[in-house]
Amino acid sequence: MITRSDPHFKCDRRYSAKEVEVDSHYENKQTTLEELALIEYFKNNSYHVRDKNILHVGTGNSTIVNFLYSHAKSIDTITISRNEILSGLSKLPSSTIRYLFLNKYNIRELSELNAYYDIIIDVNLKSFACCEFHFLEMIEMFISTMHKNSELFTAMSGVNFGWNGNTSISYTPGASPLILENNFRILGEKGIQNICQKYDLSYKKTLVHNVWNYHGIHNINNLDPIISDEEILIIKKNQD
Ligand SMILES: [Zn+2]
């Protein structure tokens, strides 16, 4: 029997952003640890993003887009929440930022993206995937937009996180209602290694210490921040 973690497992079809649209209200939530760690890293290593064409996956509350804006040449930020787009546009309307309503696990919708990016940022590569097959289609699409010097940034907390739900607000209608079956969404470092081997990529890790965060919390009244370390992964092509 083919299980959901099998690379050949495929849900019934690709879903449009409209079909998987979420009402998670991340536009009003606190920035996640992963993205705050990336911002800290880029503050000290701004050459990664300076004058670069950037694809950012998961608009959220736009904090990282707002940070990148002062460095980047252009930013495409994608989301399956129209509220996040409206919020982003209200904070920072700019001709160099495109807010795109797209489901990344549907490569037909990804055809709206640029042919090439210097930097791709996605802290939850697989965490909400509908199935292994459409996840790998997305990975191949991302890689096809990278040149030799492009870098794909992700973070270990997101690599080790897979959303196990499938509710009425499901991000992915193709996913199983069985919680255990959704464990395939946990990519893990082993999954990163497998992808690197399959597509001739390499990655390095760097640790960001003492990131103050309220990881995705909505209301922070009277709460102390969490202070965490986060490991950032930088994935590159070995050759063009
Ligand atoms: Zn699928």
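Okay, let's start with contacts: in this protein, of those with a separation of 6 or more, 73% are between residues 24 or more positions apart. Keep in mind that this is a predicted model.

Now the overall dimensions. The C-alpha trace spans about 50 × 45 × 35 Å along its principal axes. The radius of gyration is 17 Å, and a compact globule with 240 residues would have one near 18 Å, so the two agree. As for burial, 40% of the 240 residues count as buried.

What is it built from? You've got seven helices and seven strands. Going along the sequence, the pattern reads α-α-β-α-β-α-β-β-α-β-α-α-β-β.

On to the sheet. Those seven strands make one open sheet with mixed pairing, and the order across it is S3-S2-S1-S4-S5-S7-S6. At the edges you'll find S3, residues 97-101, and S6, residues 201-213; each has a single partner strand, so one side of each has no neighbour in the sheet. From one strand to the next, the twist averages 20°.

Let's walk through some of the pairings. S1, residues 53-57, runs parallel to S4, with three bridges between them. If you want a spot to look at, leucine 55 has isoleucine 120 in S4 as its bridge partner. Helix H2 packs on this sheet, touching S4, S5, S6 and S7, and its direction makes about 100° with that of S6.

Next, S4, residues 117-121, pairs with S5, residues 146-155, in the parallel sense over four bridges. To get from S4 to S5, the chain goes through helix H5, residues 132-144, and that β-α-β crossover is right-handed. Tyrosine 117 sits opposite methionine 146 in S5.

With S7, residues 226-237, things turn around: S5 and S7 run antiparallel, again joined by four bridges. There, phenylalanine 153 is opposite isoleucine 234 in S7.

Last stop, the core. Which residues touch the most other members of the largest nonpolar core? There are 53 residues in that core, and the ones to point at are Ala37, Leu38, Ile54, Ile120, Ala155 and Ile232. The element giving the most to this core is helix H2, residues 33-44, with six residues.

Take alanine 155 as an example. Setting aside neighbours within four places in sequence, alanine 155 contacts Glu34, Ala37, Leu38, Val123, Glu230, Glu231, Ile232 and Leu233. Among those partners are Ala37, Leu38 and Ile232, which were on our list of core residues that touch the most other members. That's my tour, thanks.

Technical notes: Residues numbered from 1 in each chain as written. Predicted model: local features only at pLDDT ≥ 70, side-chain atom pairs only at ≥ 80, totals over all residues. Core = buried A, V, L, I, M, F, W, Y, C linked by C-beta atoms within 7 Å. Buried ≥ 20, exposed ≤ 12 C-beta atoms within 10 Å, placed from the backbone. Helix = DSSP H or I, 4+ residues; strand = E, 2+ residues; numbered from the N terminus. Contact = placed C-beta atoms within 7 Å. Rg over C-alpha atoms; globule rule 2.2 N^0.38 Å. Pairing = 2+ DSSP bridges. Right-handed = clockwise from strand over helix to strand, strands pointing away. Axes fitted to C-alpha atoms, helices over the stretch in contact; angles between N-to-C directions.
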